Amino acid sequence: MKTNLKNLLVVILERLHTQAARVSYRFAFSKSDRRAIGILSGLIALTLFLRAHVPGKPAREWATSVEETAFLRPSALSGITDRPCEGQDGKRQKSDYVPPHYMVKRKFTVDLNMADTFDLQEIRGIGPAFARRIVNYREMLGGFIRLGQLREVWGIDSSLSESIKAHVYIKKKELRQIDINEADIKTLKKHPYLDYYQAKEIYLHRQRHGRFTEVDDVRCVNLIDSGTFARIAPYLSVESGPAR
């Protein structure tokens, strides 16, 4: 029993000795390593000593000399004391600075019936897509007669329409009109205010009753209610007149 315990202790001590040898081998340093560690430790100690015992250079205080004070405050040369930023009533004085013209953003306005896509893109909120839609809808209409028609352009809501109105106006109202005594169904239905069935009724009415004598005669056409007539009337004409 004692022999077995002794052998066990010997085995444990041998294993501990082996592990200790492995650890010491892993952390063993060569001569050059020990020299480098010593130099680095010396530099660290020297740095700590200098920071603790050598007083540092004080931070520079700006504008302490007469020249610098005069440079920062020109009124000091003439003996005039610095005036406060606020006036006698405690309110900040209004600046007299006027920015140059190239820094002032001018309000951009353009005739809605004359503007091209590049002009429209100068308006905030109008990109290439909206600019093309506005121009294309203007061509389909034959021209704008009121700013409210911007709401009829696909994608333009009430808020965007209101912001656009501040930058556009309608001065030239030379509309492209449709001669209802000559136009066929295809021409009539291209207008945004007429659908196929209304265009067909205008064409058939002319075939049955003869040429229109005036635009107001369109009121008598089937499917043309008062609202439709009020919108489409400015874009119609009877240039050719009735047959004689």
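In what pattern do α and β elements follow one another along the sequence of the protein?

**Figure 1. Overview of the predicted model.** Read from start to end, the pattern is α-α-α-β-α-α-α-β-β-α-α-α-β. That gives nine helices and four strands. The protein has 244 residues, and 24% of them count as buried. Its accessible surface comes to about 19100 Å². Carbon and sulfur atoms hold 57% of that surface. Contacts also reach along the chain: among those between residues at least 6 apart in sequence, 54% join residues at least 24 apart.

**Figure 2. The largest nonpolar core.** This core has 39 residues. Leu112, Leu120, Ile126, Ile134, Leu188, Ile202 and Val218 have the most contacts inside it. Four helices each give two or more residues to the core: α5 (128-141), α6 (158-165), α8 (196-209) and α9 (226-232). Helix α5 gives the largest share, six residues. In soluble globular proteins, nonpolar side chains tend to be buried together.

**Figure 3. The surroundings of Ile134.** Which residues does Ile134 contact, leaving aside its neighbours within four places in sequence? They are Leu112, Leu120, Ile126, Phe144, Leu150, Val153 and Ile156. Leu112, Leu120 and Ile126 are also among the core residues with the most contacts.

**Figure 4. A nonpolar patch on the surface.** Six residues make up this patch: Leu5, Leu8, Leu9, Ile12, Leu13 and Leu16. Together they have about 600 Å² of accessible area. Ile12 is found in helix α1, which spans residues 2-26. Is Ile12 buried or partly exposed? Its relative accessibility is 40%, so Ile12 counts as partly exposed.

**Figure 5. Aromatic pairs.** The whole structure holds three aromatic pairs. One of them joins Tyr137 and Phe144 in a tilted arrangement. Their ring centres are 6.4 Å apart, with 40° between the planes. Tyr137 is buried, at 12% relative accessible area. Phe144 is buried too, at 0%. Another pair, Tyr193 and Tyr235, is edge-to-face. Here the centres are 6.1 Å apart and the planes meet at 70°. This pair links distant parts of the chain, 42 residues apart. Tyr193 sits in the loop between α7 (185-189) and α8, while Tyr235 sits in the loop between α9 and β4 (236-237). Both Tyr193 and Tyr235 are buried.

**Figure 6. A salt bridge within helix α6.** A search of the whole structure finds four salt bridges. One of them joins Lys165 to Glu162, with the closest N and O atoms 3.5 Å apart. Why are Lys165 and Glu162 separated by about one helical turn? The reason is that they are three residues apart in helix α6. Lys165 is partly exposed, at 29% relative accessibility.

**Figure 7. A salt bridge between two loops.** Glu182 pairs with Arg211, and the closest N and O atoms are 3.1 Å apart. The two residues are 29 residues apart and link distant parts of the chain. Glu182 lies in the loop between β3 (178-179) and α7. Arg211 lies in the loop between α8 and α9. Glu182 has a relative accessible area of 48%, so it counts as partly exposed. Arg211, at 32%, is also partly exposed.

**Figure 8. The salt bridge of Asp216 and Arg219.** The closest N and O atoms of Asp216 and Arg219 are 2.6 Å apart. Asp216 is partly exposed, with a relative accessible area of 37%. Arg219 is partly exposed as well, at 47%.

How values were computed: Residues are numbered from 1 along each chain as its sequence is written. This is a predicted model: local features need pLDDT of at least 70, side-chain atom pairs count only at pLDDT 80 or more; totals for chains, interfaces and linings use all residues. Side-chain values use heavy atoms; hydrogens and water are left out. Buried means under 20% relative accessible area, exposed over 50%, partly exposed in between (1.4 Å probe, protein chains only). Contact means heavy atoms within 4.5 Å. Accessible areas come from the Shrake-Rupley method with a 1.4 Å probe; for residues, only the protein chains shown count as cover. A nonpolar core is a set of buried Ala, Val, Leu, Ile, Met, Phe, Trp, Tyr and Cys residues joined through side-chain atoms within 4.5 Å. Patches are made of residues with over 30% relative accessible area and no salt bridge: like charges are joined within 9 Å, nonpolar side chains (Val, Leu, Ile, Met, Phe, Trp, Tyr) within 5 Å. A salt bridge is a side-chain nitrogen of Lys or Arg within 4 Å of a carboxyl oxygen of Asp or Glu. Rings of Phe, Tyr and Trp (its six-membered ring) pair if their centres lie within 6.5 Å; planes under 30 degrees apart count as stacked, over 60 as edge-to-face and the rest as tilted.
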